[in-house]
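Work through these exercises with the structure open beside you. Try each task before reading its solution.

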Amino acid sequence: MIQRPEKLFFLFKSVNSLNGVGPRIGNLLKKFLGDRLIDILFHLPVNIIDRTYSSNISLAEPGKIITLELTVGSHIIPKNKRLPYRVNCFDQSGKIDLVFFKSNQKYLKQILPCNKKCIVSGKIETYNGNKQITHPDRIGSIDQLNEIKTIEPVYPLSAGLTQKILNKLVKQITKNIPDLNEWHREEIIIKNSWTSWKESLQISHNPKNYLELKNNFFTRERLAFDELFANQIALSIYRKKIKESVSQGIIGDKSFIKKVIDNTGFKLTNSQFSAINEIISDLSSSSPMIRLLQGDVGSGKTIVSLISMLYVIYAGYQTAIMVPTSLLANQHFKNFLKLTHNLKINISLLTRLTNEKEKKKIHNNLKNGTIDLLVGTHSVFQKNITFKNLAFIVIDEQHRFGVKQRMALSNKSINLNTLFMTATPIPRTLSLTNYGNMEVSKITEKPINKAKIKTFAIPLSKLQSIYERVKYNIDIDLKAFWICPLIDESETLDISNVKKRYEELSKLLPKKNIGLIHGKVPQDDRDKTMKEFLDGDINLLVGTTVIEVGIDIPDANLIIIEHAERFGLAQLHQLRGRVGRGTKDSNCILLYDQPLTQNAHQRIDAMRKTEDGFEIAEKDLILRGPGEILGTRQSGLPDFKIVNLEDHMHLIELANKETNIVDKSDPLLKSIRGEHIRNLLHIFEKEDAIRYILSG
Ligand code: ADP
Ligand code: MG
């Protein structure tokens, strides 16, 4: 373990060290935010309550939050338990009641002693023509006026926590934030008029007006920049570590390429050719490759990866491809066998479903070098498998698997080249946050003989006509997907929606022709259903977005996306990419519920107007509305604590530039400033990055 600098100890202290945190609050906080002070410090307010307005009772407007200076008259004990306890109060201008339900009378007598002046803050109501405040937010003595008459931050809460508690805790923490040396260049701080890290946190927790709550307010902007910078620096360290590892240039013979292409039965596009050339030339150089292959759904990345792997195999090394699901692994495996049937290549498939005996055999053959190409799922690669001479690994369709995760594979081989393949064409700015500055190859053309996809937007009210269309499709033996939205895998409500749709469609079509797939269906059953769909035993697959990733069913030609308005643009595009993969012209029907928000309208419109994934990705970025889009978690971007990509996009490039400067001048963070940057890495818990520079 890397020791944290002493100056940072405070930030990582347990929340239990705070006054007012017992086991109950401690547990609530732990579940909600985390159990260290920094977790609370990074939880920023979303609103404010203004208690600065005070006046006299007669001018106090109902509905407003007001701070009043009152004299306590009498305490009225209720005649029966259902009635509230009242405290009559007054000032020169009039009378007001403080109202308490289920109250502790002794306590109230103590904090509101008769004939004494007090300060009360809360929302004014009227009841039977009289003014009252029910459960005042604040009650204090006259000398607490300044303490009460403030603007209070409002935090997102979880059940059991209150603003009062959180406010109290935050105050204790912000008072004691350590003074840390600035890790950014002075020029950047001045240019952006930023304050120090400590001050930025303090101001962010103590907003004075609504403007200060905005993500683009300078204090929050600075905190977000810190996070992006830490992320970029860490990525750059991982990358450097990979690049510096020993690697021989892989020099192979390319004569096999023609044979493979002949096996495909199609001609590669120019884009595919140039991607292959870029990859091969990178593989031949003496520093390990880490390259991103971006290409829209259906652009033909698989064959590019296969040819690249074969190049490495013919040079005498082993290769592997990692995919997110067993199903996809299966598909690649079969496809590769077919495309290499006349090449004397040894390919194996390793997934969760592989039986123990077979697994053992594969493990042995990887170790002794018999296997040339391994197709497997991510989970398999995390386990302890060893290769004789793995030199190239392809990571398919998984944005979550970034440079950081790739580092963990370093123990598999010292001579490892990596190709990430992504189908969501994330714009460069965003890809920086997951892959850092890495080489990119792009497939920009689609195969020419590709099917056309027509996209229609139809209101849900016309469901019946869609049913008929589906029935027609199935009757003539075509294949269709029916997608229902899913907010969260655990939400039973969504599952019930899918099931309901499945039941309804079952009445329409013979049940054996329909399959159902969602998160609660066990993986084995899912795989079985998918296979039946692929083989044509099932013609209609009803499911949630679990079917989204990568799967290639060339003869599927209709996809219906229900509640299309709830999906993000990139996700809609991914889903649409499930059809039109073969030569059959295909249709995509976006079923939407009215009324559409303007943003949803624009998304659906964009889907109808273009099939170009890169265009869609850019548009998605512009349109992405907070909270409105499902599945943003699947977008594959890192989970940020403070950064909000919508508002902080402009900072990504800057973080990248600043990272490059550090990279050139002080790559191992050895200078004094380098030490300060290490503090930042500790704050964002990039300890593994620090470990790499210490070992390098
Ligand atoms: P993706 O980039 O989405 O992974 P795939 O590699 O699965 O795309 O290719 C999609 C489909 O297009 C596959 O059925 C594949 O065989 C086919 N394909 C790939 N390249 C070409 C090409 N140049 N011409 C025609 N079909 C192609
Ligand atoms: Mg693919």
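The domain bounds used here come from an automatic or database domain assignment. Keep in mind that the model is predicted.

**Exercise 1. Into which domains is the chain divided?**

Solution.
- Step 1: Start with domain 1, written as 6-48 + 156-213.
- Step 2: Domain 2 covers 52-149.
- Step 3: Add domain 3 at 256-443 and domain 4 at 453-610.

**Exercise 2. Describe how domain 3 and domain 4 are placed.**

Solution.
- Step 1: Take the centres over C-alpha atoms; 29 Å separate domain 3 from domain 4.
- Step 2: Look for contacts, meaning heavy atoms within 4.5 Å.
- Step 3: On one side are 14 residues of domain 3, and on the other 16 residues of domain 4.

**Exercise 3. Which residues come nearest to ligand 1?**

Solution.
- Step 1: Find the 18 residues around ligand 1.
- Step 2: Pick out the nearest: Lys267, Gly298, Lys301, Thr302 and Lys450.
- Step 3: Sort the shell by type: four residues are nonpolar, seven polar and seven charged.

**Exercise 4. Find polar contacts of ligand 1, using N or O atoms within 3.5 Å.**

Solution.
- Step 1: Try the backbone. A polar atom of Gly298 lies 2.7 Å from an oxygen atom of ligand 1.
- Step 2: Gly300 also offers a polar backbone atom, 3.1 Å from an oxygen atom of the ligand.
- Step 3: Turn to side chains. Thr302 places a polar side-chain atom 2.6 Å from a ligand oxygen.
- Step 4: Now check the cover. Ligand 1 on its own has 560 Å² of accessible area, and the protein covers 87% of it.

**Exercise 5. Which pocket does ligand 1 take up?**

Solution.
- Step 1: Rank the pockets by size; the space taken by ligand 1 is the second largest.

Methods:
Residues are numbered from 1 along each chain as its sequence is written. Chains are lettered from A and ligands numbered from 1 in the order in which they are written. This is a predicted model: local features need pLDDT of at least 70, side-chain atom pairs count only at pLDDT 80 or more; totals for chains, interfaces and linings use all residues. Side-chain values use heavy atoms; hydrogens and water are left out. A residue is near a molecule or strand if one of its heavy atoms lies within 4 Å of it. A polar contact is a pair of N or O atoms within 3.5 Å; within protein, one must be able to donate a hydrogen and the other to accept it, and residues adjacent in sequence count only if both atoms are side-chain atoms. Accessible areas come from the Shrake-Rupley method with a 1.4 Å probe; for residues, only the protein chains shown count as cover. On a 1 Å grid over the protein atoms alone, a cavity is a set of points where a 1.4 Å probe fits but cannot get out, and a pocket is an open set with protein on both sides within 12 Å along at least five of seven lines; lining residues have an atom within 4 Å of a point. A molecule sits in a cavity or pocket if more than half of its atoms lie within 2 Å of its grid points. Ala, Val, Leu, Ile, Met, Phe, Trp, Tyr, Cys and Pro count as nonpolar, Asp, Glu, Lys and Arg as charged, and the others, Gly among them, as polar.
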